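Hi,

Here is the structure I promised to pass on. Have a look at it first, and then read my notes underneath.

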Amino acid sequence: MLLKPYRTRSIDWKPSPVVALATSADNSQVAAAREDGSLEIWLVSPGSVGWHHQLTIHGDSTCRVSSLVWCCVGSKGMSSGRLFSSNIDGSVSEWDLFDLKQKIVLESIGVSIWQMAVAPINKLPVLEEPISQHFGNGYLNDKYEYNDSDDVESYDNEDFSDSEQFHLKLVMEDRRVAIACDDGSVRIYTISVMDKLIYHKSLPRVSGRALSVTWSHDSNRIYSGSSDGLIRCWDADLGHEIFRSTVALGGLGSGSQICIWSLLSLRCGTVVSADSTGSVQFWNGDNGTLLQAHSNHKGDVNALAAAPNHDRVFSAGSDGQVILYKLSKEMLQSGNGESSFEMMKKWVYVGYVRAHTHDVRALTMAVPISCEGSLSDEAKDLQDEKGKKAKRIRSRGKKPLDFSYRKWAHFGVPMLISAGDDAKLFAYSAKEFTRFSPHDICPAPQRVSVQMVLNTWFNQTSFLLVQSSYWLDVLCVCVPDGGSGSYGGLVTTNLVARVKSKASRKIICSAMSNSGELFSYSDHIRLSLFALSRKGQSKWTINKRQLPLDLPSAHSMVFTSDGARLLIAGHDRRIYIVDLETLKLMHTFVPCREEHDTEGSPDEPPITKMYTSSDGQWLAAINCFGDIYIFNLEIQRQHWFISRLDGASVTAGGFPPDDNNVLIITTSANQFYIFDVEARQLGEWSMQHAFSLPRRYQEFPGEVIGLSFCPSSPSHPSKSSSLLVYSARAMCSIDFGKPVDRDDEKDLVNGALLKFQGSLTNMKWKHWFRDSQTETKLSSRKSNFDLIVFRDPVLFIGHLSKHSILIIDKPWMEVVKSFDSAPVQRHIFGT
């Protein structure tokens, strides 16, 4: 029987703008800092598999990030290096990707910091064999090996530098960082293995504000741009000014009114500037003479980035455009003689792409990892033929398609990442920038966390617990009488209670008991527990209950099925069990690997996801890198440890309500695993099908963000063998009682997506649901692994009953209208 869909769009959703981007030292991860103080880590993905949102660190919301730098200084155990941010309040922070916290490494210097830049490494690296695996999603166990294409001299051969990934062993030494300050000075600090920046020197203060800074490729010079329209070149060792260039000579307007927002130093010695007049200018880095000027932007140019071989430069600005400039080389005949020729180089405007609706604030370059889970075909080919060139993508002259990402995003091929005020991140092909459409990395940025509780103690009413940044909403779900149609209709939600966090602290995690009586949340300081009750028919009351005072703040929390215990994954990497009747601490787990002493101090990564079985016996705790720890809550001991599955992270999981010994896990490599927890082994279904899943599921659009199990009911004791897997873009129905069918060529996800896109995105959502014939066609086209693609980003999908589901979505344009800043105005021809 087909599931009857119900829908609601009443959830408030307002993602925060992205203000800065940075790429890890091994080029496999991208950090995105948002205006609300949070920082996201995204794992760069090749092929059709979606990008993985690996983790989020909730920083200080009162301290806005102005820039990010990622370098490989003293990053013990982390292949990605160390991540630092400069802040508008004048401080510098380090983001601990292991403990998931923000640390101040430089107290406020009293003036705002606009930008910072790390000096490149100019020592020759030791080249070793190309790596075939990417260790643990950016985490290495006691390894000190890097792949740093930003810091190390790369080769001029385009195919060689773009396709081959080298294992580089870099000398762990202190690095210098230059900081552009609001008082007009550039301060230089040293990054050491210590937790503090060490002051080195300050360059002479100039008029105006120092807004941008960059190093020459040999680290001997520093270039700074200021609000007085001047670019200054400094001797990095002696600290004196070498020359200055006036930007107004090549751009528009007077020099005193020009702000130089970004500077970029290329290996060839050229310096690129971006300013407030919309100009991108290319300068001779040796003497400061202007080489070329382009004025293609219609507003401030905020960011610059260069391809790894430095023959392409990208700019982005407040007009929403991302523009490509390419280095062109021509042989011109010189005046000395007929047979003498001279090489002429110039930067040519190629074209633009406008994917963002608002200002673009940041750009960065990234390179897809060799594998994050199973290897892609391109990676296997490169491993088999290490010295051969990567296969080029041939142009067929077709119109760019929305789902063309898999055609150009290959292992080792650089891609450009952009982000801005519309909260979106887009990926572009660095080589074929104007040919393919940008890839929407996160269709639902800062997705609102939603938990649905069915048949609560309050007259069997269903609740939604909606976690916003600074408050929790408890909503009552009112399901209409759907009649006999295939479309259930619109669900209305009524606000039962709203609890605001203390002192406007950001809420990190939350949970609600199955009875609906208790709910809890944690900010970065402490936990809070509340009891919900009702007097009469309309008045709801909330009472705060006192948890043990020595409990730390949490990364994740969950109630047991009977609501008798609250399980808390603390920021100290321990798991706490609290008895909710006595409000006392019952037990503490220290997650460990099998060979470790269970009584030792916690040295595993923090737990970010937890799932419990419906009988209260099992707890599955998952860390941010994908390791799984199974605990037996009855005997209060760790039962099993599962190392990260094929090196991939866990995106969703859970225990089916009708089978307490089964744990189902999905990974960022779009793999699906079923474990027999009691027997400590892979389940029978996974042994047969784990490596032969239909390709349409392996190429599932978007990252899997949740599972929904058919609820158990005393009136229907029979077990259900199906579940729903969903992302922000699509939904897949899986029935373990049916055979796993093979794909036809026409059923592959790329073709299926285009087919579905034509039938779904060109009509209203409500028309799709009302058209029972269309729904039946889409929902029954396959006996198993049915795939349905959504028009609008989906925040949550959950079963209301065995025969109906609730879909919470939001049209993106409605989200855009809620932003504080207005979208970029575009002229429509003919109006």
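Below is what turned up when I went through it, grouped by region.

One thing to keep in mind throughout: this is a predicted model.

**The four-stranded sheet**

Let me begin with an open sheet of four strands, which runs in the order β32-β33-β34-β36 with antiparallel pairing. The edges are taken by β32 and β36 (492–500), and each has a single partner strand, so one side of each has no neighbour in the sheet. On average, neighbouring strands here are turned by 20° against each other, if you ignore direction. The pairing of β34 (residues 471–478) with β36 is antiparallel and spans eight bridges. If you want a place to look in the viewer, Leu 472 stands opposite Val 499 in β36.

**Cysteines**

How many disulfides are there? The count comes to zero. You may well wonder about Cys 476 and Cys 478, so I checked that pair. For Cys 476 the closest cysteine sulfur is the one in Cys 478, at 4.3 Å, and that is too far for a bond because a disulfide needs the sulfurs within 2.5 Å. Looking from the other side, Cys 478 has its closest cysteine sulfur in Cys 476. As for their surroundings, Cys 476 is buried at 15% relative accessible area, while Cys 478 is partly exposed at 28%.

**Aromatics**

The structure has 25 aromatic pairs. One of them joins Trp 812 and Phe 819 edge-to-face, with 6.1 Å from centre to centre and 70° between the planes. Are these two residues buried or exposed? Trp 812 is buried, with a relative accessible area of 14%, and Phe 819 is buried too, with 11%. Trp 812 also has a charged visitor: the charged end of Lys 424 sits over its ring, 4.4 Å from the centre.

Elsewhere, ring pairs tie Phe 672, Trp 685, Tyr 697, Phe 700, Phe 736 and Phe 785 together into a cluster.

**Two backbone oddities**

Most residues other than glycine have a negative phi. Which residues did I note with a positive value? Asn 459 has a phi near 55°, and Arg 680 has a positive phi of about 55° although it is not a glycine. Asn 459 is in the loop between β32 (449–453) and β33 (462–467), so that loop links two strands that appear in the order of the sheet above. With a relative accessible area of 63%, Asn 459 counts as exposed. Arg 680 belongs to the loop between β51 (672–676) and β52 (681–682), and is partly exposed at 46%.

**Glu 594**

Last stop: Glu 594, in the loop between β44 (584–589) and β45 (607–612). What does Glu 594 touch, leaving out residues up to four places away in sequence? The answer is Trp 640 and Phe 641. Trp 640 is 46 residues away from Glu 594 along the chain, yet their C-alpha atoms are separated by 7.5 Å. Even with those contacts, Glu 594 counts as exposed, at 60% relative accessibility.

That's the tour. Shout if you'd like to go through any of these spots together.

Cheers

Technical notes: Residues numbered from 1 in each chain as written. Predicted model: local features only at pLDDT ≥ 70, side-chain atom pairs only at ≥ 80, totals over all residues. Heavy atoms only, no water. Buried < 20%, exposed > 50% of the residue type's maximum accessible area, 1.4 Å probe, protein only. Contact = heavy atoms within 4.5 Å. Phe/Tyr/Trp six-rings, centres within 6.5 Å; stacked < 30°, edge-to-face > 60°. Lys NZ or Arg CZ within 6 Å of the ring centre and 35° of its normal. Pairing = 2+ DSSP bridges. Axes fitted to C-alpha atoms, helices over the stretch in contact; angles between N-to-C directions.
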